[in-house]
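Here are a few short exercises to try with a protein chain in front of you. Work through each task first, then compare your steps with the solution.

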Amino acid sequence: MRTLFFYSRGQFFNFKASQEAFGFKVTNISKFLLPDQREELDEYQKVFVDVSSLVSLIKSNDSQTMNFEQLIDCFGENVEFICDKVHERDIKYLFRYSFDGFSDVEAEYDKRVDEQDTDTHLNFKEVKKITDLNNTELESFFEAFNSKLYGHERFKKEFKSLVTSFRVFNKLGEHKILSLFLMGDSGVGKTEVARTIHKALGSHAKLAKINFGNYSSHDALNSLIGSPLGYIGSDGGELLKRIQESDVGLILIDEFEKADNAVFNYFLDVLENGKIVNSQADEYDINGYIIVFTSNISKENFKEKISPELRSRFDYKGMFNLLTNEDKKKFVHFRVNQIMSKYREFVSPDIPEKLHGDVVSIIDVSRYRNMRDLNKKIKDTFVELIDT
């Protein structure tokens, strides 16, 4: 007979400590997703496996239910299963055929744990969102956005239409997240879209940015949203941390195509419900946010790599092309002025009178396809001329 035991947050650490005192092991289901990991289990040692992290995965993609049912059946009689009580209703239904019974753990309740979690996990500050702007502020936003993003004129027009529609239907409760999926070669301005939105919203904090090139392993989701209580990463994960550091309703996800499938499935639910949920069931409402996903994949690979369900969640899917030479010249003028202004403020007000023109005349923009390479050339040229 296989029973699933539920623990409350205030019980977990006492339960874990008492079981380990008896020589038992308490661990997470993610440690045993692969067959060779399960083979490492000692059949003579009692192990408690926490399945809390499976709930969000299955809710976002119920086609995985059978796989996890089979996974649970693979364990021997020495393994017991536990779960955070906040998932009780969901998991009783999702795994109704996997367990013969459900019960609560026997462990002392520590009220201080819940009080600490209330202070640390749910203390989110107010952020400025595109849906909060009045008409005058919105007009100023678009002026700043259009002036600071070089090239991509078609996208600018489409973006304005998207924002206008999003603001209306967000108020009607029908559109929670504005999601943009930007494809194209490295250095063509995809990430710059998010940076420009960030600045145009008047942020004075860090951009909430995550590079999914770091989330390709099978346990990537634990790093992103945290492991269950008591395990490494149980602070809520990088996603909530980055959001908490920001002061505007914007998230940038770079190299999205490199993420693990579990991460893809997680974002299906995020885009649908407008909420970030970590492994400890803390929720952060991101209704009204803009999420910019960037990728270097082609249109053809986009259909191969990204599932139809996820593709349909993106409000905008576009290919970014190289900037024209005229746009690159405008960028050079802007960037040189920006560097000179900062130099006067932080280094010295003494700048050669013809420095701007000299930098611009030296740089042949037609030689640069990648805007990062062009920016490096601008900085190198500025340093060379300021030192002469």
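**Exercise 1. The whole chain**

How many helices and how many strands are there in the chain?

*Solution.* Please keep in mind that this is a predicted model. Start with the secondary structure: the chain has 17 helices and twelve strands. Next, look at its dimensions: along the principal axes, the C-alpha atoms fill a box of roughly 80 × 45 × 40 Å. Then turn to burial: of the 388 residues, 51% are buried. Finally, consider the surface: about 20,100 Å² is exposed, and carbon and sulfur atoms supply 46% of that area.

**Exercise 2. Ile91**

Is Ile91 buried or exposed? Find its helix and its contacts too.

*Solution.* Step one is to locate the residue: Ile91 belongs to helix 5, which covers residues 88–94. Step two is to apply the cut-off: buried means under 20% relative accessible area. Ile91 has 0% relative accessibility, so Ile91 counts as buried. Step three is to list partners, setting aside neighbours within four places in sequence: Ile91 is in contact with Leu4, Phe6, Val51, Val55, Cys83 and Arg96. As a last step, try a distance: the C-alpha atoms of Ile91 and Phe346 are separated by 57 Å, and these two residues are 255 apart along the chain.

**Exercise 3. Two helices that cross**

At roughly what angle do the axes of helix 7 and helix 9 cross?

*Solution.* Two packed helices are described by the angle and the distance between their axes. Begin by finding helix 7 at residues 135–148 and helix 9 at residues 190–200. Their axes come within 9 Å and cross at roughly 145 degrees. The crossing of helix 7 past helix 9 is right-handed. Now name the contacting residues: helix 7 contributes Phe141, Ala144, Phe145 and Lys148, while helix 9 contributes Val193, Thr196, Ile197, Lys199 and Ala200.

**Exercise 4. A patch on the surface**

Which residues make the nonpolar surface patch of about 270 Å²?

*Solution.* The patch is made by Val168, Phe169 and Leu172. Take Leu172 and place it: this residue sits in the loop between helix 8 (153–171) and strand 6 (178–183). Exposed means over 50% relative accessible area. Leu172 reaches 55% relative accessibility and therefore counts as exposed.

**Exercise 5. Helix 1**

Which residues of helix 1 are buried?

*Solution.* Go through residues 9–21: the buried ones are Arg9, Gly10, Gln11, Phe12, Phe15, Lys16 and Gln19. Then look past the end of the helix: Gly23 follows helix 1 and has a positive phi, near 90 degrees.

Conventions
Residues numbered from 1 in each chain as written. Predicted model: local features only at pLDDT ≥ 70, side-chain atom pairs only at ≥ 80, totals over all residues. Heavy atoms only, no water. Patch = residues over 30% accessible without salt bridge, like charges linked within 9 Å, V, L, I, M, F, W, Y side chains within 5 Å. Areas by Shrake-Rupley, 256 points an atom, 1.4 Å probe, with all protein chains shown as cover. Salt bridge = Lys/Arg side-chain N within 4 Å of Asp/Glu carboxyl O. Helix = DSSP H or I, 4+ residues; strand = E, 2+ residues; numbered from the N terminus. Buried < 20%, exposed > 50% of the residue type's maximum accessible area, 1.4 Å probe, protein only. Axes fitted to C-alpha atoms, helices over the stretch in contact; angles between N-to-C directions. Left-handed = near helix turned anticlockwise from the far one by under 90°. Contact = heavy atoms within 4.5 Å.
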